[in-house]
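These are notes for a colleague who has not seen this structure before. They take up a pocket, a core and one residue in turn.

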Amino acid sequence: MTFVAWKFVKSEDYIIYRMQVNWESGESTKKKIMELMKGWILSGEGIGKKSCLIFNKKFDNIQQWRKWVKSFPHKVEVKR
């Protein structure tokens with residue numbers, strides 16, 4: 001499973017990040033990911049040999065985002 005995130009929208013009041021989760025196909029893995037990403041909004045899905053889900057989440061500031069990344073139980077690759 002891989003987790004890749006990038007800044008999607010930035011305003012004076014908030015930042016929205018997108019997170020793409022890739023994994024080898026399997027419905028049980030999808031359920032685990034959905035549980036892991038609670039609080040995020042599902043905004044896209046791709047299915048094939050490898051599957052992916054794309055989520056959005058709004059943060060008040062960059063510090064809140066960094067705190068979330070540090071608390072996440074998997075490595076997140078953050079694109080600039």
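1. The lining of the largest pocket has five nonpolar, four charged and no polar residues. Here Ala, Val, Leu, Ile, Met, Phe, Trp, Tyr, Cys and Pro count as nonpolar, Asp, Glu, Lys and Arg as charged, and the others, Gly among them, as polar.

2. The model is predicted: local features need pLDDT of at least 70 and side-chain atom pairs pLDDT 80 or more, while totals for chains, interfaces and linings use all residues. Residues are numbered from 1 along each chain as its sequence is written, and side-chain values use heavy atoms, without hydrogens and water.

3. Among the residues lining the largest pocket are Lys 7, Tyr 17, Trp 65 and Arg 80. The helix α2 (62-71) gives the most to this lining, with four residues; β5 (76-79) also supplies at least two.

4. The largest nonpolar core (buried nonpolar residues joined through side-chain atoms within 4.5 Å) has 17 residues, of which Met 19, Trp 40 and Trp 68 touch the most other members. Two or more residues come from each of β1 (2-10), β2 (15-24), β4 and α2. β2 gives the most, with five.

5. Asn 56 lies in strand β4 (residues 50-59). Is Asn 56 buried or exposed? Asn 56 is buried because its relative accessible area is 15%, and buried means under 20% (exposed is over 50%, partly exposed in between; 1.4 Å probe, protein chains only).

6. The side chain of Asn 56 makes a polar contact (N or O atoms within 3.5 Å, one able to donate a hydrogen and the other to accept it) with the side chain of Arg 18, at 2.7 Å.

Note on methods. On a 1 Å grid over the protein atoms alone, a cavity is a set of points where a 1.4 Å probe fits but cannot get out, and a pocket is an open set with protein on both sides within 12 Å along at least five of seven lines; lining residues have an atom within 4 Å of a point.
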